[in-house]
Amino acid sequence: MALADEEFDVIVVGAGIMGSSTAYEVAKRGQKTLLLEQFDFLHQRGSSHGESRIIRATYPEDYYFPMVIESYKLWQEAESQIGYKVYFKAGHLDMGDSHNKSMRGIINTCRKHSVSHEVLDRRQLADKFSGRFNIPEDWIAVFTEYGGVIKATKAVSMFQALAFQKGVVLRDCMEVKDIRKEGVKGGVWIYTSNGEKYWGKKCVVTVGAWMRKLVKKVVGLQLPIQPLEAAVCYWRIKDGNEEKYAIGGDFPTFACHGDTYVYGTPSLEYPGLIKVAVHGGYPCDEDKRPWGPGMALGFLKQSVEERLSGMVDSGSPVATQLCMYSMTPDEDFVIDFLGGEFGKDVVMGGGFSGHGFKMGPVVGRILADLVLTGEAKGVELNHFRIGRFEENPQGNVKDF
């Protein structure tokens with residue numbers, strides 16, 4: 001158990017997927033590390049819990065592709081270290097109007113990175129997946145091998161176990177209320193709500209939906225990170241069709257692009273059920289959440305019925321789980337130094353906008369690079385700067 005007078009090389013604040021993977025990466029490099037979590041470890045109040053997350057490499061923003069590819073490698077390396085699986089392989093399918101700019105962007109990303117991909121029309125898609133998908137005549141689909149499912153809570157637990165094996169001190173129920181610069185010997189002081197304080201040479205902040213409040217308290221900066229409460233829905237596969245949609249066969253993870261983004265994963269965590277949900281949710285205060293009832297399901301029911309060829313019961317979901325997104329205006333991450341009096345002593349990773357979990361291992365590697373060396377190798381971080389919101393309140397300009 002950590003004592004309040006202990007000193008650390010790096011203190012990581014927030015023990016979701018980003019903080020847990022960062023703690024592991026830092027400790028792998030021989031750094032004395034403390035990982036703090038405001039709630040119980042593996043709690044269900046943030047963005048890292050639950051049964052599963054999709055992993056896919058097909059982004060219209062081509063700068064995410066190399067990050068996802070590195071994450072595939074790091075997920076499997078972590079599995080080999082711990083001795084059990086959290087990543088389950090599948091292909092991935094994107095669907096949308098043939099003129100949809102996101103779909104065109106995905107094709108361009110595949111071409112830029114020389115990714116083997118198939119562009120399919122309605123008939124070709126039905127043939128490839130034996131009628132399990134159905135799209136309108138004016139839609140197309142793009143299939144690649146880069147899909148899959150990550151077991152979410154199990155993955156966070158894996159990185160915490162690996163971090164512990166590397167000597168990381170883990171403390172939960174430790175809400176960080178303030179971070180202050182140490183004026184004499186350098187480094188930072190971390191203050192918790194129960195009156196304890198810890199000194200570290202460096203600090204990484206990965207507090208998810210609580211990022212906006214903590215950063216405002218520490219440096220007075222108002223980050224445009226808006227928490228959303230999102231609902232994940234599971235639907236019953238009709239009798240006789242269960243194996244057609246199960247993980248381990250040829251059924252892919254998938255996404256439908258349009259005004260509303262709908263995504264799904266093969267049946268894995270609950271036998272006979274398939275996850276199909278909307279990317280998004282309702283703005284909320286992370287400390288005063290409504291805990292439901294969630295968004296209207298009309299469009300989602302229609303998507304389940306039409307896209308999955310009537311083989312899944314679209315009447316209503318049989319199970320629903322809630323989580324939070326931390327949305328930026330451009331839905332790009334925020335990975336940067338906190339700056340000001342802290343210089344490069346405090347690094348933050350946040351604003352993962354409902355699509356960051358899959359990249360947890362590479363974000364951990366990047367944050368470890370930044371906090372220990374002041375730069376990150378092999379990745380372009382310009383898109384993730386805090387300063388982009390000063391130049392344009394909406395962040396990175398996109399045409400889709």
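These exercises explore one predicted model, each with a worked solution.

Residues are numbered from 1 along each chain as its sequence is written. In this predicted model, local features need pLDDT of at least 70, side-chain atom pairs count only at pLDDT 80 or more, totals for chains, interfaces and linings use all residues, and side-chain values use heavy atoms, with hydrogens and water left out.

**Exercise 1. Strand 7**

Find out how many residues of strand 7 are buried, and which strands pair with strand 7.

Solution.
- Step 1. Helices (H or I, at least four residues) and strands (E, at least two) are DSSP runs, numbered from the N terminus. Strand 7 covers residues 139-144.
- Step 2. Buried means under 20% relative accessible area, exposed over 50%, and partly exposed in between (1.4 Å probe, protein chains only). Six of the six residues of strand 7 are buried.
- Step 3. Look at the two faces. W139, A141 and F143 point one way, while I140, V142 and T144 point the other way.
- Step 4. Two strands pair if DSSP finds at least two bridges between them. Strand 5 (residues 92-97) pairs with strand 7 in the antiparallel sense, over six bridges. D94 has V142 as its bridge partner there.
- Step 5. Strand 6 (residues 118-120) also pairs with strand 7 in the antiparallel sense, over three bridges. Here E118 stands opposite F143.

**Exercise 2. A three-strand sheet**

Give the strand order of the open sheet of three strands, and name its edge strands.

Solution.
- Step 1. The order is 3-8-4, with antiparallel pairing.
- Step 2. Strand 3 (53-54) and strand 4 (87-88) are the edges, since each pairs on one side only.
- Step 3. Strand 3 meets strand 8 (residues 149-150) over two antiparallel bridges. R53 stands opposite I150 of strand 8.

**Exercise 3. The second largest pocket**

Describe the volume and lining of the second largest pocket.

Solution.
- Step 1. Work on a 1 Å grid over the protein atoms alone: a cavity is a set of points where a 1.4 Å probe fits but cannot get out, and a pocket is an open set with protein on both sides within 12 Å along at least five of seven lines; lining residues have an atom within 4 Å of a point.
- Step 2. Grid points are joined across faces, edges and corners, and a volume is the space filled by probe spheres set on the points. The second largest pocket has about 170 Å³.
- Step 3. Its lining includes W139, C256, H257, D259, F299 and R307.
- Step 4. Strand 14 (253-257) and helix 7 (298-307) each supply at least two lining residues. Helix 7 gives the most, with five residues.
- Step 5. Ala, Val, Leu, Ile, Met, Phe, Trp, Tyr, Cys and Pro count as nonpolar, Asp, Glu, Lys and Arg as charged, and the others, Gly among them, as polar. The lining divides into four nonpolar, five polar and three charged residues.

**Exercise 4. The cavity**

State how many cavities of 30 Å³ or more there are, and what lines the largest.

Solution.
- Step 1. There is one cavity of 30 Å³ or more. The largest cavity has a volume of about 40 Å³.
- Step 2. A231, C233, A277, V278, G280, M295 and L300 line the largest cavity. Strand 13 (226-236) and strand 16 (273-278) each give two or more of these residues.
- Step 3. By class, this lining has six nonpolar, one polar and no charged residues.

**Exercise 5. Aromatic pairs**

Classify the ring pairs Y72 with Y146 and W75 with F159, and place each residue.

Solution.
- Step 1. Rings of Phe, Tyr and Trp (its six-membered ring) pair if their centres lie within 6.5 Å; planes under 30 degrees apart count as stacked, over 60 as edge-to-face and the rest as tilted. The structure holds 21 aromatic pairs.
- Step 2. The centres of Y72 and Y146 are 5.9 Å apart and the planes are at 45 degrees, so this pair is tilted.
- Step 3. Y72 lies in helix 2 (residues 65-82) and Y146 in the loop between strand 7 and strand 8, so the pair ties together parts 74 residues apart in sequence. Y72 is buried at 7%, whereas Y146 is partly exposed at 33% relative accessibility.
- Step 4. The centres of W75 and F159 are 5.7 Å apart with planes at 55 degrees, so this pair is tilted. W75 is in helix 2 and F159 in helix 5 (residues 152-165), 84 residues apart.
- Step 5. W75 is buried at 0% relative accessibility. F159 is buried with a relative accessible area of 3%.
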